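Q: Could you walk me through this model? I'd like the overall picture and then a few places worth looking at.

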Amino acid sequence: MSVSIGPPDYTTDMDTGPFADAFPESPAAAPSTVSAAALAAQLQQALALHQQGRLSEAEAAYQIVLQQQPVHFDALHLLGVIALQNGQTLRAIDLITQALAHERSNAYAYSNLASAYQKLGRYPEAIVRFERALALRPDFVEALSNLGNTLRDAGRREDALASYNRALALKPDRPDVLANRGNVLRELRRFDEALDDFDRGLALDPQSAVLLFNRANGLFDLGRFDDALIDYDAALAIAPDYCQAISHRGSTLRALKRYDEALAAIDQALRLQSDSAEILTNRGDTLGEVARYEEALSDYDRALALKPAYPEAWCNRGNVLRALRRYDEALASYTAALDIDPEHAVAHMNEGLCRLLVGDMAVGWEKYEWRFKTPDMLPHVRRFEQSVGAPTGEASGKSEESFEESLGQPTSQRPAQPLSPPPTQPLSPPPTQPRSQPLWHGQVPLSGKRILLYAEQGFGDTIQFCRYAQLVAELGAHVILEVQPALKSLLVQSADFAGIAQVFAQGEALPEFDYQCPLLSLPWACGTTLENIPAAVSYLHGEGAGIRRWEERLGTKKPTQQRVGLAWSGNPEHSNDRSRSLPLTALAALLDIPMQFVSVQKILRDEATQAAWLEQHGVAHFGDRLQNFADTAALLSCMDLVITVDTAVAHLAGALGRPVWVLLPYGPDWRWLTERDDSPWYPSMRLFRQTALGDWDGVIERVRQHLQIR
């Protein structure tokens with residue numbers, strides 16, 4: 001199992017079982033030229049050497065037995081075990097198969113033959129032989145454990161879990177089986193249960209570096225990075241050269257944004273294992289996060305030279321190429337990942353993002369639906385009652401389709417043109433019985449139906465895509481919108497304007513509805529292309545009384561003076577924050593222009609230092625007076641111009657129809673497209689792009705030039 005997607009198992013054991021007189025001799029055995037006692041003594045000597053790890057001497061001793069009795073079951077079987085231990089897997093299969101031709105009732109031999117097939121990745125053949133071993137010996141714990149490992153490798157995680165459960169029911173005090181069951185529970189996203197298994201294993205074996213490593217991985221899954229780091233360090237105190245633990249420790253430091261330490265840890269792992277494609281990919285991922293893209297690309301290429309069939313490396317390589325604006329190469333990299341694993345959800349999603357970035361919305365929206373199958377999104381998938389019958393236009397053999405399935409494996413059947421409103425029909429009464437609430441993706445008319453449209457990602461995404469509520473309302477639907485609590489008051493005051501019948505905050509009880517759709521799936525459902533993006537000059541508005549209060553706070557400005565709102569940083573937890581936010585001090589080059597500058601962001605990252613800097617440079621800042629987005633909308637409505645990086649402020653200013661200049665990094669988010677200074681999403685928006693990686697100075701200089709002539 002690869003290091004990049006999970007921890008290693010305990011080494012699969014090879015079962016040697018009771019030897020010599022425990023096994024009947026083959027009925028077809030050739031007459032021995034030595035006595036049975038001498039032959040047994042020779043076998044015992046070979047076995048003793050085998051158990052001491054003196055494999056070459058043991059092999060020679062087993063060969064002596066076979067010289068005396070060529071079809072001796074034990075000698076053939078155990079020679080096969082040595083071959084398997086030496087990595088001679090095909091020879092192991094040949095020898096153990098020869099042994100079983102003469103003795104078909106030995107569970108140990110079937111289990112070891114299964115282990116050989118497992119090692120070759122021939123999982124169906126391995127599973128059959130593990131099952132044969134268990135038919136001969138139902139209480140065979142090793143075979144149950146190794147069958148679980150094989151089923152897990154074959155992607156049959158629920159069956160693997162059942163096999164581990166059987167093994168632990170027979171022998172609950174097996175830390176290795178607890179570790180493997182914990183790992184499969186992690187893959188099933190049952191993280192708390194996985195941690196329970198790792199804790200039980202560590203209670204039995206507190207000095208197990210592997211169990212500490214596995215528990216650290218489980219803590220990482222839960223976002224408990226500091227706790228994970230403690231366990232990685234504990235594992236390394238026991239096994240200082242534990243390469244995977246060192247590499248995963250680097251991943252944890254990266255998640256904590258301790259990038260220099262992360263790279264140091266990963267480099268340490270590479271010194272121990274320089275030919276590890278997984279560790280090279282880990283370093284590429286870390287270098288990519290700090291925008292060292294060319295170095296990251298070199299690491300991915302080295303990883304793929306070592307392991308060409310590595311979809312994660314191909315996918316992440318595509319992301320780096322996209323950040324470098326090498327879009328055709330990025331798409332080719334995603335294609336390579338999908339050639340290896342056609343169900344790789346992250347590769348599908350990233351291909352979709354790249355296609356959206358270059359304006360290929362026909363394919364981009366559909367590919368983007370794979371986001372709901374990605375590990376980051378799976379915990380946030382909303383599950384509604386299943387719908388009866390496949391949606392129109394889908395060839396489905398299922399009688400029911402779940403929300404997750406319909407989004408994870410999208411159909412290619414979608415409207416080619418924007419939908420037209422049907423004749424008005426009376427609204428259907430609220431249903432009185434539980435009923436299906438299927439995903440709507442343009443497959444059925446909505447006239448007279450209630451539909452829930454709901455936020456699924458960040459504030460900016462909700463602001464950008466709530467515009468589709470009006471489009472859906474024009475189809476005759478009663479639109480129910482669910483948004484983040486901080487956005488509710490803004491959407492309530494804009495509801496009539498935006499075609500929204502009801503607005504709810506996440507966590508509030510919802511009314512009955514007939515259909516549902518996440519906001520970022522609406523462009524796909526509505527057949528959006530570059531030519532038909534619904535782009536009203538404004539579709540949200542500030543509240544009049546709130547605007548008047550802000551005007552009073554801001555004070556009177558000179559008739560010729562313009563009021564300019566500034567936002568320079570976004571959510572520090574955003575995955576691309578390092579690239580899209582800029583230092584506050586970078587704005588100093590604008591502030592000598594005779595305009596009234598106002599900070600329109602609520603949070604200062606270094607409150608004391610930045611507040612003092614803003615005051616020193618005459619920039620008004622209101623901080624906690626911005627309680628929600630309705631307050632921010634009212635403040636933005638008082639601005640003649642908003643200058644902002646790629647944050648929710650950019651979307652809000654655009655949705656309000658305020659003139660807004662957005663400062664973009666070299667590798668922009670998909671929605672801003674490429675090589676244009678306008679946005680088809682917001683008519684009042686102008687884009688200022690970096691022309692070189694990390695060059696904010698050039699962006700600010702162009703903004704300054706345009707401000708001076710405004």
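Q: Okay, how much surface does the chain expose, and what share comes from carbon and sulfur atoms?
A: The chain exposes about 29,800 Å², and carbon and sulfur atoms supply 50% of it; areas come from the Shrake-Rupley method with a 1.4 Å probe, and for residues only the protein chains shown count as cover. This is a predicted model, in which local features need pLDDT of at least 70 and side-chain atom pairs count only at pLDDT 80 or more, while totals for chains, interfaces and linings use all residues. Residues are numbered from 1 along each chain as its sequence is written, and side-chain values use heavy atoms, with hydrogens and water left out.

Q: How many helices and strands are there?
A: The chain has 31 helices and twelve strands, where helices (H or I, at least four residues) and strands (E, at least two) are DSSP runs numbered from the N terminus.

Q: And what percentage of the chain is buried?
A: Of the 710 residues in the chain, 54% are buried, with buried meaning under 20% relative accessible area, exposed over 50% and partly exposed in between (1.4 Å probe, protein chains only). As for contacts (heavy atoms within 4.5 Å), among those between residues at least 6 apart in sequence, 63% join residues at least 24 apart.

Q: Let's go to α29. How many of its residues are buried?
A: Helix α29, residues 629–636, is mostly covered, with eight of its eight residues buried; they are F629, A630, D631, T632, A633, A634, L635 and L636.

Q: What do they pack against?
A: The buried residues of α29 pack against the helices α22 (459–465), α24 (485–498), α26 (544–554) and α30 (648–656), and also against β8 (596–599) and β9 (641–645).

Q: What is at the start of α29?
A: There, a side-chain oxygen of N628 comes to within 3.0 Å of the backbone nitrogen of A630.

Q: How do α26 and α29 cross?
A: Their axes (lines fitted to C-alpha atoms, for helices over the stretch in contact, with angles from 0 to 180 degrees between N-to-C directions) come within 8 Å and cross at roughly 60°. The two helices are therefore oblique to each other, given that angles under 35 degrees count as roughly parallel, over 145 as roughly antiparallel, 65 to 115 as roughly perpendicular and the rest as oblique. G546, I547, W550 and L554 of α26 make the contact with D631, A634 and L635 of α29.

Q: Left-handed or right-handed?
A: The crossing of α26 and α29 is right-handed; a crossing is right-handed if the near helix is turned clockwise from the far one by less than a right angle, and left-handed if anticlockwise.

Q: Different region now: what about α9 and α11?
A: The axes of α9 and α11 (residues 209–221) come within 10 Å and cross at roughly 20°, which means that α9 is roughly parallel to α11. The contact involves P175, A179, N183 and R186 of α9, together with L211, N214, N217, G218 and D221 of α11, and the crossing is left-handed.

Q: Where is R181, and is it buried or exposed?
A: R181 is in helix α9, residues 175–187, and counts as buried because its relative accessibility is 13%. Setting aside neighbours within four places in sequence, R181 is in contact with L161, Y164, N165, L168, D197 and R200.

Q: What about L614, which helix is that in?
A: L614 lies in helix α28, residues 607–616, and at 2% relative accessibility it counts as buried. Not counting residues up to four places away in sequence, L614 touches W568, L584, S599, L604, V619 and H621. The C-alpha atoms of L614 and T585, which are 29 residues apart along the chain, are separated by 9.4 Å.

Q: Last one, on backbone angles: what is phi of K257 and of E675?
A: Phi of K257 is near 65°, a positive value in a residue other than glycine, and phi of E675 is near 50°, likewise positive in a residue other than glycine. K257 sits in the loop between α13 (243–255) and α14 (259–272) and is partly exposed, with a relative accessible area of 38%. E675 lies in the loop between β10 (660–664) and β11 (678–679), and at 78% relative accessibility E675 counts as exposed.

Notes. A polar contact is a pair of N or O atoms within 3.5 Å; within protein, one must be able to donate a hydrogen and the other to accept it, and residues adjacent in sequence count only if both atoms are side-chain atoms.
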